[in-house]
Amino acid sequence: MSIEIITEATPELEKAFALLIPQLSTSSTPMTLEQLRELLAQDSLTLLAFRPDEPNADGERPILGMLSLVIFHIPTGWRAWIEDVVVDDAARGQGAGKALVDAATHIAQEKGVKSVDLTSRPSREAANRLYQRAGFAQRETNVYRFQN
């Protein structure tokens, strides 16, 4: 398997988002090419993608997983968040999620970030096990959300 940093909005990326976003969130819609360009233009965002080593029946190695790493500077230092981790149903259980998370934490460490945060719903049991295997510790905290 390979993990790569995505820097360009392409029709292939748009297709991957159409496959993966509905598996991540039923309330979100996949992004258009223009929206993907805007997403990738952010200096604070690193989009990581997972591809299998072996090509599919069409001879392609499609994007079957992704993760967003956001690194930003605040008065108390550099912070990082992992968001929108998703691996295609057909590719789950093969280590793709852990490889994505490991790559993200490595990038954050290289940039001098001392800790990386993420959140996960308790109902996502497999994801929570993955984060624990990747070295994340559950924090005692309250998460608040303001919605318009």
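Two strands pair if DSSP finds at least two bridges between them. Strands (E, at least two residues) and helices (H or I, at least four) are DSSP runs, numbered from the N terminus. The model is predicted: local features need pLDDT of at least 70, side-chain atom pairs count only at pLDDT 80 or more, and totals for chains, interfaces and linings use all residues. Residues are numbered from 1 along each chain as its sequence is written, and side-chain values use heavy atoms, with hydrogens and water left out.

**Exercise 1. The sheet**

Determine the strand order of the sheet and the sense in which each neighbouring pair runs.

Solution.

Step 1. Five strands, in the order β1-β2-β3-β4-β5, make up an open sheet with mixed pairing. At its edges lie β1 (2-6) and β5 (116-117), each of which pairs on one side only.

Step 2. β1 and β2 run antiparallel and are joined by 5 bridges; within this pair, I5 has L48 of β2 as its bridge partner.

Step 3. Between β2 and β3 there are 6 bridges, again in the antiparallel sense. A49 is partnered there by M66 in β3.

Step 4. Strand β3 (residues 65-74) and strand β4 (residues 77-87) are antiparallel, with 9 bridges. M66 has V86 of β4 as its bridge partner, while V70 stands opposite W81. The connection from β3 to β4 is a hairpin through 2 residues.

Step 5. The pairing of β4 with β5 is parallel and comprises 2 bridges; here A80 is partnered by V116 in β5.

**Exercise 2. Burial of β2**

Establish which residues of β2 are buried on each of its faces.

Solution.

Step 1. Buried means under 20% relative accessible area, exposed over 50%, and partly exposed in between (1.4 Å probe, protein chains only).

Step 2. In a regular strand the side chains alternate between the two faces of the sheet.

Step 3. One side of β2 carries L45, L47, A49 and R51, the other T46, L48 and F50, and all of these are buried. The count for strand β2 (residues 45-51) is accordingly 7 buried residues of 7.

**Exercise 3. Two helix packings**

Classify the packing of α1 with α2 and of α3 with α4.

Solution.

Step 1. Two packed helices are described by the angle between their axes and the distance between the axes. Axes are lines fitted to C-alpha atoms, for helices over the stretch in contact, and angles run from 0 to 180 degrees between N-to-C directions. Angles under 35 degrees count as roughly parallel, over 145 as roughly antiparallel, 65 to 115 as roughly perpendicular and the rest as oblique. Contact means heavy atoms within 4.5 Å.

Step 2. For α1 and helix α2 (residues 33-40), the angle is about 95 degrees and the axes are 10 Å apart. The two helices are therefore roughly perpendicular. P11, L13, E14 and F17 of α1 meet L33, L36, L39 and L40 of α2.

Step 3. Helix α3 (residues 96-110) and helix α4 (residues 125-133) cross at roughly 45 degrees, their axes coming within 10 Å. This makes α3 oblique to α4. The contact involves G97, K98 and V101 of α3 with L130, Y131 and R133 of α4.

Step 4. The crossing of α3 and α4 is right-handed; that is, the near helix is turned clockwise from the far one by less than a right angle, whereas anticlockwise would be left-handed.

**Exercise 4. Individual residues**

Characterise the surroundings of Q23, the backbone of D84 and the aromatic pair of Y131 and F136.

Solution.

Step 1. Q23 belongs to helix α1 (residues 11-24) and is partly exposed, because its relative accessibility is 25%. Leaving aside residues up to four places away in sequence, Q23 touches V86, V87, D88, D89 and R92. The C-alpha atoms of Q23 and V86 are 7.3 Å apart, although 63 residues separate them along the chain.

Step 2. Most residues other than glycine have a negative phi. D84, in strand β4, has a positive phi of about 50 degrees without being a glycine. Its relative accessibility of 41% makes D84 partly exposed.

Step 3. Rings of Phe, Tyr and Trp (its six-membered ring) pair if their centres lie within 6.5 Å; planes under 30 degrees apart count as stacked, over 60 as edge-to-face and the rest as tilted. This rule gives 1 aromatic pair. Y131 and F136 form it edge-to-face, at 6.3 Å centre to centre with 65 degrees between the planes. Y131 and F136 are both buried.
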